[in-house]
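Visitor: Could you take me on a close look at the place where the two chains meet? I would like to go through it step by step, with the numbers at hand.

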2 protein chains.
Amino acid sequence: MSELEKRVRKKKLLDRVMKAEDTIKFFENGMDLGWSGFTPVGYPKKVPIALADYVEENNLQGKLRFNLFIGASVGAETEDRWASLDMIDRRWPYNTGKNIQKGINSGRIRFGSKHLSMFAQDLKYGFFTKDKGGKLDIGIIEASGITEDGGIILAGSVGTAPEIVDIADKLIIEVNTKMPSFEGMHDVLITDMPPHRKPYLITNVADRIGTTYIPCDHDKIVAIVESDLLDNGRELTEPDDLSNTIAGHIMDFFKNEVKVGRLPENLFPLQSGVGNIANAIVGGFVHGDFQNLNVYTEVLQDTMLDLFDSGKLDFASATSLSLSPKGFKRFFDKFDEYKERIVLRPQQISNNPEVIRRLGCIGMNTPVEFDIYAHANSENVLGTRMINGLGGSGDFERNAYLSIMHAPSCRPSKNDEFGITTVLPKVTHVDHTEHDIDILVTEQGLADLRGLAPKERAKEVIEKCAHPAYKDYLNDYLERATKKGIEKGMGHEPHLLDEVYKMQLNFIENGTMRFWEK
Amino acid sequence: MSELEKRVRKKKLLDRVMKAEDTIKFFENGMDLGWSGFTPVGYPKKVPIALADYVEENNLQGKLRFNLFIGASVGAETEDRWASLDMIDRRWPYNTGKNIQKGINSGRIRFGSKHLSMFAQDLKYGFFTKDKGGKLDIGIIEASGITEDGGIILAGSVGTAPEIVDIADKLIIEVNTKMPSFEGMHDVLITDMPPHRKPYLITNVADRIGTTYIPCDHDKIVAIVESDLLDNGRELTEPDDLSNTIAGHIMDFFKNEVKVGRLPENLFPLQSGVGNIANAIVGGFVHGDFQNLNVYTEVLQDTMLDLFDSGKLDFASATSLSLSPKGFKRFFDKFDEYKERIVLRPQQISNNPEVIRRLGCIGMNTPVEFDIYAHANSENVLGTRMINGLGGSGDFERNAYLSIMHAPSCRPSKNDEFGITTVLPKVTHVDHTEHDIDILVTEQGLADLRGLAPKERAKEVIEKCAHPAYKDYLNDYLERATKKGIEKGMGHEPHLLDEVYKMQLNFIENGTMRFWEK
């Protein structure tokens, strides 16, 4: 019996096994497609690559375009290559890759971002394809296998796969035989429609409330494709001094919160975003004193394996094993051990306000920039250029017990080593409001904003977080805005509207936000 | 037996009955106070008024100042009078009244706003008074009575009273004997601390999960004051043509959503904000065809009584009976009938993301203004002058099944009948992001933004919602911004940063947002 035959336990479905090239006939220009996959793990590979090859070989660029609904990012060899072949019309709610970002910012790809928990739910509600009846034409799902009843056992992520399986007219399943089966790691629940939605009875990060597979009407499965391609996961660089300094501020803060009794000794369940600062924070825990930690987060990066290995992490809940190829190797080497301490949930649940608020998660995410009153921009540089999307940052920042955002205080521009400040009078795009953020951190320090009124908040943010190259101007701005605002009887959250984006405008014009004599 | 003796069923507590004037000794400058009350119902009256009289008579203005933590607004005869006597240092998270707004915007009162569900929770977490141990010095609560065990039976609202009773060192209870007892209408649950928070098992608007009183350590009660003062509730004007037109657009939209199967015939539980448009919408339901409606909202305004009387409303859940004096008279006249169909919950639960998302509420709120990409400003005029606070609008807009915001397309200024547009290139303050709003409505029309990318959204908002006096400029702005953005490879959500607040700046300078030749 081949590995594929072992994995597909509903034998009737073996009739539908075919090569990736043979699925091309199912696709038509303008279709709405849903893919499994999340940051980029558990996404289909064989079929998207076959379609790209087909377009390339037949010069169909711009003639076979699709609307892509995928939980979060997928590997560059699929989505980004599609973008380079002009195969994407719409894309929701997150993206990664140079070509797709070029497509989005040149107006060729219609992209929209959304809180990740809400994307999955709204997809199921039919909001994204409402003009065509609310369904998807084809769902393409990477799986570890298929159960005796036709249920789909996922691979390294859950993401929006349950909702896609639920609402797609046709399904293509890529069964990956190159990886071990992830069976037993998933806890799947399909979003119910109101008024019949039920409470998510998760009161501990390890609680299970669903099935280990996606229940599936197997008559919808039109093809099963064997895949031998591995996930093209992100490599992370070693944390640098700056990230470690930020992580240090946060560790000190936690220690003090434990001391004054606002956090228990093992803290509350941690959520940690993606990127180098997040990695440094997890590194901080690896070498720190906190024991019996729990994680309720969106993605698990490589350093989370170190945290498991350190004995300090009891259990982790996420929607994706966002590991690098090297991380996956480590993971597979101790597969049975890790497996018992990880549960993968749909993003609708990993990021759900209900569970995040109940568990009292500690949310930690990196924005592009933030302002003195604590509004943060996560996705649009200069208010206009999309990077990736806000991801799950809003789900966690709004609902966490402690909402922390961290970033370097400034970044170099082409002509100024301190050309771009993270701390601004006013951000050009708001993804997180002043009502949603408790703590801001840069390598300069940590601003605890809980209970502070706007002008107090601004002083604290400038003092603790701003880079010295920008402190004088920011203080001067705040002082002048406050004086004028109070004079006019509108000084609650003072701003000088005619000056508010002066630093950003100078950056556009002269390549640095410092418009004054240095 | 006096009415007060009847109401205070724990007889031992009758020893603590005193006059309002005699409670003055408990208060000291700089104290943290929590009051019951919400939009302005169920707030303490006798003690705050006695304190104000005391300050006035003894010329203690500015010498007896307090930090006030109250669920939402309270009557002008208390809070606003306190502001006029300079008795308020800090105030969270909502305010109403000319004097308090003057104090806030002149920098004398340190005010902060917060999502109302989160305020109650964060107060219990000790975040607002963390530098003083996380407690409140004194809680002042209006009650209908006290149970045999010392539990507090509230009056016309719940708000943050449970958390205040829980964390206050001392309690003063105003037992109102002028109103009937509201016993049985409340469903009280005190916020647990994580990791021990439990699911809120509400799957129908009428579900009860708590007690009819606030459990209370009665040793904390230092005074019981009899009150004969009624709530100073808001009077609403009759809906005007404009509000009715907006309500009409929304009714048509609902009818179509039912027709295409995205809403059931009795819709989902309705949340409706405060003000005249909200009132007109409820009026639309009174005269409309929808039957067996349910309401899961923050406050019940007078028209909700009409909706009950029409036979079309089955049940309503809220945190406050935000009725006018006339409304209360109606309410008391048919008290037993209404009582069976209303439950009052803590604002932490009436506005909780968990319940709102599960029930699939339809959220409808009025912002100050919104922009072409669907960000909305709920609280800061011109980005700087605080009105009331964002209230519960963020709790509902973020988590509702359908997130609707409605406003007139423009308002007159002193020198221009169309001087202030609601639809702007960019709002000066963001309380609700583009990720949180599905539908925008003005008297001009309704823009359904579900599934649209930013530039599509902008076209729809301008076409459907903008006032004709502003359409040409907005279209021109969008066109120029798009052209420039795409040229520069940053055209995802196009803006001209040097022009983005030109209308607002012209308003500050010349009293109208129309800076062009009319």
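**Where chain A and chain B meet**

Guide: Happy to. Chain B falls on chain A after a rotation of 180 degrees with 0.0 Å of shift along the axis, and the superposition has an RMSD of 0.0 Å. The two copies are thus related as by a two-fold rotation axis. If you want a landmark for that axis in chain B, look for B:Glu354: its C-alpha is the nearest one, 2.1 Å from the axis. Please keep in mind that this is a predicted model, and that the values below are computed from it.

Now to the contact itself. Chain B brings 87 residues to it, and chain A brings 87 residues as well. Of the interface residues of chain B, 100% are also interface residues in chain A, so the copies meet through the same surface.

How much area does this contact bury? The size of an interface is often given as the accessible area lost when the parts come together. Here chain B and chain A bury about 7400 Å² between them, and 56% of that lies on carbon and sulfur atoms. On the chain B side, three residues stand out: B:Arg357, B:Arg398 and B:His435 supply 12% of the area that chain B buries against chain A, more than any other three residues.

Let us turn to the polar side of the contact. The rule finds 41 residue pairs in polar contact across the interface of chain B and chain A, with both residues at pLDDT 80 or more. Sorted by type, the residues on the side of chain B that touches chain A are 33 nonpolar, 28 polar and 26 charged. Across the interface there are also 8 salt bridges. The largest share of the side of chain B that touches chain A comes from helix α13 of chain B (residues 353-359), which gives 5 residues.

For a salt bridge to find on your screen, try A:Lys130 and B:Asp448, whose side chains meet at 3.5 Å, N to O. Over all chains, the count of salt bridges comes to 82. One within a single chain joins the side chains of A:Glu354 and A:Arg358, at 2.7 Å from N to O. Both of these residues belong to helix α13 of chain A (residues 353-359), where they sit 4 residues apart, about one turn of the helix.

While you have the model open, here are some strands to trace within each chain. In chain A, 3 strands form an open sheet in the order β15-β14-β21, with mixed pairing. Its edge strands are β15 (376-377) and β21 (423-424), each pairing on one side only. Strand β14 of chain A (residues 369-371) runs parallel to β21(A), joined to it by 2 bridges, and A:Phe370 stands opposite A:Val423.

Chain B has an open sheet of 3 strands too, in the order β15-β14-β21 and again with mixed pairing. There, β14 (residues 369-371) and β21(B) pair in the parallel sense over 2 bridges, and B:Phe370 has B:Val423 as its bridge partner.

A last stop in chain B is a hairpin: β19(B) and β20(B) have 2 residues between them. Strand β19 (residues 410-413) and strand β20 (residues 416-421) run antiparallel and are joined by 3 bridges, and B:Ser413 has B:Asp416 as its partner in β20(B).

How values were computed:
Residues numbered from 1 in each chain as written. Chains lettered and ligands numbered in written order. Predicted model: local features only at pLDDT ≥ 70, side-chain atom pairs only at ≥ 80, totals over all residues. Heavy atoms only, no water. Pairing = 2+ DSSP bridges. Contact = heavy atoms within 4.5 Å. Buried area = accessible area lost by both parts, 1.4 Å probe. Salt bridge = Lys/Arg side-chain N within 4 Å of Asp/Glu carboxyl O. Polar contact = N/O pair within 3.5 Å; in protein donor to acceptor, adjacent residues only side chain to side chain. Nonpolar A, V, L, I, M, F, W, Y, C, P; charged D, E, K, R; others polar. Least-squares fit on C-alpha atoms with pLDDT ≥ 70 in both.
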